[in-house]
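With the structure open in your viewer, please follow the selections below in the order given. Each stop names what to pick and then says what is there.

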Amino acid sequence: MSGNVHFEGAFEVKSDKVQYTDDAITAQYDYQTTVVKTEGGKTTLCPKTDSFTFKTERKVPRTGVMFVGWAGNNGSTVTACIMANKKKMTWQTKEREVKSNYFGSITQASTVRIGSNESGDSVHMPLKCMLPMVDPNDLEITGWDICDTPLGDAMKRAAVLDIDLQKQLYDDLQKLKPLPSVYFPDFIAANQAERANNALTGSKQEQLEKIQKDIRDFKSSKNLDKVIVLWTANTERFAEIQTGVNDSAANLLAAIKRGEEEISPSTVFAVASVLEGASYINGSPQNTFVPGLMELAEQKKVFIGGDDFKSGQTKVKSVLVDFLISAGIKVKSIVSYNHLGNNDGRNLSDPAQFRSKEISKSNVVDDMVASNNVLYEPGEHPDHVVVIKYVPNVGDSKRAMDEYVSEIFMGGTNTVVMHNTCEDSLLAAPLIIDLVILTELFERVQLKKEGQEFERFHPVLSVLSYLLKAPLVPPGTPVVNALFAQKMCLTNIMRACLGLAPDNSMLLEHKLCTPAAK
């Protein structure tokens, strides 16, 4: 009886299509797709093969990450947990001893099926072993925050980690203090004003230049090869797209110089990052990436990724709705209710900020609905309501309740009700680590079509979609929200970097009466 085999460590792909040097892994890859053509009322399916070459640099660079909102729940939790893992800390809860780990991180704690051995057993390996990646314990970390609370006190205020672990981490974290940040009060809830004691001063242009200098100084002081900037600060209201202000790269830069009001703090950070050649990831739902910013990223060939960490309720929704619709069950309504008591919840109690979150949470089923014209007429869509309430008592332990009502066989009704209690920051922190590690990895990957020159992935790094609620994609590109499709995209691109075919579940070697030849 076939089972599963696991291994981790060094390996090489033995193929005349894959070459290893000290500098790079170069792999030829046949990308097979199917083109559907309709002419004269007749539809034909045409298999198509395009030849690509992938080149992945093997040297893992010294990498730093700068968090916007460093003293918030997510920033302090990520920093504390990396420190705990680096020091191999253990701590006591009321139930047992716990060892530091990276559970919840797909790069550090998930495995992928890499193939089968000669006995027919599936062979799995940690995803982090597929290609050379940064070890999260080696990341250098700093960041900005509108609140000057040192990271030790920020960790205690967040009340995310067990007390025994907090006590072990506190002294080292207390030495870390956020850099002054950009604060434009109109973009976040008024209830955040009392925390804003660490704001930059000066014009928007001067603040932009200060952020750029902070990035350069951090890179230089830590002797880093690269820096990645990640927004984990408060959700902002949506910025209005205005002609002559943020609709083009040139207009955006000029608008910052003029101090235009519709330039948000997150866009200032993104512009600074792009100008410094540092990839920028938006972990909140606001429209940071206005048209001018996307054009600037394309001009500078710097990665941007977003929007909004996908950690709990939305991740489950993207799985369940995909399952229901692919099973031929017509989802008629989705009602999602959340309440949480951390500062994210407090900020989202303002209607303008909630609207940003509502948009990112509501669009998650669109592509799944559009894929099935047997169930849905053109333009038809399930009712979808999202509610978020601030309840201080629950702290970081967010409650998510969902009701899915579907039409089944012969006019029947099926209702699924779910209750999910999720520790918000402990779900988000591993995703943040993955976003940094995968962004850095794809900065070292180039590919080319046959007869063309090598180039990097498009600056809008849509391969990160698995980790984000409202995936940012290049203009004119389909948005994919179905979770399994997003995961297969990510892992199969990594397989392509090794010259390996996409993994599938056919297992034809086990479908015959005659044993397959070894």
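**A loop before strand 16**

Begin by selecting H381, which sits in the loop that runs between helix 12 (366–370) and strand 16 (383–390); keep in mind throughout that this is a predicted model. At 34% relative accessibility H381 counts as partly exposed, and, once its neighbours within four places in sequence are set aside, its contacts are V365, D366 and V369. If you add V365 to the selection and draw a distance between the C-alpha atoms, you should find 9.2 Å in space for a pair that is 16 residues apart in sequence.

**Strand 17 and the loop after it**

Next, select S406, which belongs to strand 17 and is buried, its relative accessible area being 2%. Which residues are in contact with S406, leaving aside its neighbours within four places in sequence? Displaying the surroundings of S406 brings up L324, I329, K330, V331 and K332, together with G412, T413 and N414.

Then follow the chain from strand 17 (397–407) into the loop that leads to strand 18 (413–423), where M410 is found. M410 is exposed, with a relative accessible area of 73%, and with I408 and F409 it forms a nonpolar patch on the surface, for which the accessible area together is about 400 Å².

**Helix 5 and its cover**

Now select helix 5, residues 204–221, and check its length from end to end: at 1.5 Å a residue its 18 residues should span 26 Å, and the end C-alpha atoms are 25 Å apart, which agrees. Colouring the helix by burial is useful here, since the buried residues of helix 5 are K204, Q205, Q207, L208, I211, Q212, D214, I215 and F218. An α-helix has 3.6 residues a turn, so residues three or four places apart point the same way. To see what lies over the buried residues of helix 5, show strand 5 (63–68), strand 10 (140–145), strand 11 (179–180) and strand 12 (226–231), and add helix 6 (249–258) and helix 7 (265–275), which are all included in that cover.

**Backbone points to inspect**

Most residues other than glycine have a negative phi, and most peptide bonds are trans. Against that background, move just past the end of helix 5 to N223, where phi is positive at about 55 degrees. N223 lies in the loop between helix 5 and strand 12, and at 58% relative accessibility this residue counts as exposed.

A further positive phi, of about 50 degrees, is found at K88, which is not a glycine. K88 lies in the loop between helix 1 (73–86) and strand 6 (90–92), and is exposed, with a relative accessible area of 68%.

For the peptide bond itself, go to G306 and D307: the bond from the one to the other is cis, with omega near 0 degrees. D307 lies in the loop between strand 14 (304–305) and helix 9 (313–326).

**Cysteines**

Finally, select the cysteines. How many disulfides does a search of the whole structure find? The search returns zero. For C129, the closest cysteine sulfur is the one in C497, and at 16 Å it is too far for a bond, given that a disulfide needs the two sulfur atoms within 2.5 Å. C129 is buried, with a relative accessible area of 19%, whereas C46 is partly exposed, with a relative accessible area of 25%.

Technical notes
Residues numbered from 1 in each chain as written. Predicted model: local features only at pLDDT ≥ 70, side-chain atom pairs only at ≥ 80, totals over all residues. Heavy atoms only, no water. Patch = residues over 30% accessible without salt bridge, like charges linked within 9 Å, V, L, I, M, F, W, Y side chains within 5 Å. Areas by Shrake-Rupley, 256 points an atom, 1.4 Å probe, with all protein chains shown as cover. Salt bridge = Lys/Arg side-chain N within 4 Å of Asp/Glu carboxyl O. Helix = DSSP H or I, 4+ residues; strand = E, 2+ residues; numbered from the N terminus. Buried < 20%, exposed > 50% of the residue type's maximum accessible area, 1.4 Å probe, protein only. Expected span 1.5 Å × (residues − 1). Contact = heavy atoms within 4.5 Å.
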